Amino acid sequence: GVLQPEGVVLHLNMAALLEGSYDANTGLMHDSLRVRGLLPDHEPFTSMGLQTVGVQGGSQLMPDALQVSGPDAVVDWVWVELRDAGDASHVLAARAAVVQRDGDVVDTDGASPVRMTALPGFYRIALLHRNHLPVLTLNALQLNAGSLNGFDLTAGDQPLHTPDAQVLHDGKYMLWRGDVNGD
């Protein structure tokens, strides 16, 4: 990664599914917000009170990302946080990203792994969506510079801070739908 005053660029290869968008018939999430032209091109989280932490960027969706259809089509915005290994209330890096129909969480170009500027080390990872329950890893995961750091929430093998923080459908774990007011 490129050296920044706040660290280096860490690449996160993440996967997560949103229960509210999941279609059991296809095994994918639907992308009706994109198809109907309702997916905002700017991330919605800072207007909801979340703040980007670190040198992150990624607040605007690249126009080409909206042209992709199929399993790699963009479904919606998500919020990714790297939290302190010892104190999960301390957010060390945070930014918006998008999730594809197949569950890949990607950067604002709609295709690349999420880039986070932080020091290599151990972090607890949080993933938030505006109307699903958030998740936070129970254990700190090691993130290294210069390699893809994998993190798959769909497999159910990643212990989470809150037990049963995800719902199981068709052998895949996904974020619970329904947290409309973020409480």
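**Overall size.** I started with the radius of gyration: for 183 residues a compact globule would come out near 16 Å, and the chain has 15 Å, so the two agree. I then looked at the C-alpha trace, which spans about 45 × 35 × 30 Å along its principal axes. I also checked burial, and 44% of the 183 residues count as buried.

**Confidence.** I have to keep in mind that this is a predicted model. The mean pLDDT of the chain is 90, and 93% of its residues reach 70 or more. The start of the chain is another matter: over residues 1-5 pLDDT stays under 50. The model has eight contacts beyond four places in sequence for that stretch. Note to self: where pLDDT is low, the predicted coordinates should not be read in detail.

**Elements.** I counted one helix and 13 strands. Reading from the N terminus, the order is β-β-β-α-β-β-β-β-β-β-β-β-β-β. I also looked up how far apart in sequence the contacts reach: of those between residues at least 6 apart, 64% join residues at least 24 apart.

**Cores.** Which residues touch the most other members of the largest nonpolar core? I found L12, M14, V80, L82, V105, L127 and L153, out of 33 residues in that core. Several strands each supply at least two of its residues, among them strand 1 (8-15), strand 4, strand 5 (91-100) and strand 8 (121-129). Strand 7 (114-118), strand 10 (141-143) and strand 13 do so as well. There is also a second, separate core of 15 residues, including A65, A94, V106 and L136.

I went back to L153 to list its neighbours. Leaving out residues up to four places away in sequence, L153 touches A15, A16, L127, V135, L160, Q166, Y173 and L175.

**Aromatic pair.** I found one aromatic pair in the structure. It is made of F45 and W79, whose ring centres are 5.5 Å apart with the planes at 50°, so I wrote it down as tilted. F45 sits in the loop between helix 1 (32-35) and strand 4 (74-84), while W79 is in strand 4 itself, so the pair ties together parts that are 34 residues apart in sequence. Are these two residues buried or exposed? Both F45 and W79 are buried.

**D76.** Still in strand 4, I stopped at D76. I wanted to know how accessible D76 is: the value is 5%, so this residue counts as buried. The D76 side chain makes a polar contact with the side chain of R130, at 2.6 Å. R130 is one of several residues that D76 touches beyond four places in sequence; the others are L33, L39, A97, V98, V99 and H129.

**G27.** Next I looked at the loop between strand 2 (22-23) and strand 3 (28-29), where G27 is placed. Its relative accessibility is 16%, so G27 counts as buried. What does G27 touch, once residues up to four places away in sequence are left out? I get Y22 and K172. K172 is 145 residues from G27 in sequence, yet their C-alpha atoms are 9.1 Å apart in space.

**D170.** My last entry is D170, in the loop between strand 12 (166-169) and strand 13 (172-175). Its phi is near 55°, which is a positive value in a residue other than glycine. At 52% relative accessibility, D170 counts as exposed, whereas D76 counts as buried.

How values were computed: Residues are numbered from 1 along each chain as its sequence is written. This is a predicted model: local features need pLDDT of at least 70, side-chain atom pairs count only at pLDDT 80 or more; totals for chains, interfaces and linings use all residues. Side-chain values use heavy atoms; hydrogens and water are left out. Rings of Phe, Tyr and Trp (its six-membered ring) pair if their centres lie within 6.5 Å; planes under 30 degrees apart count as stacked, over 60 as edge-to-face and the rest as tilted. Helices (H or I, at least four residues) and strands (E, at least two) are DSSP runs, numbered from the N terminus. Buried means under 20% relative accessible area, exposed over 50%, partly exposed in between (1.4 Å probe, protein chains only). A polar contact is a pair of N or O atoms within 3.5 Å; within protein, one must be able to donate a hydrogen and the other to accept it, and residues adjacent in sequence count only if both atoms are side-chain atoms. Contact means heavy atoms within 4.5 Å. pLDDT is the predictor's confidence in each residue, from 0 to 100. A nonpolar core is a set of buried Ala, Val, Leu, Ile, Met, Phe, Trp, Tyr and Cys residues joined through side-chain atoms within 4.5 Å. The radius of gyration is taken over C-alpha atoms; the globule rule is 2.2 Å times the number of residues to the power 0.38.
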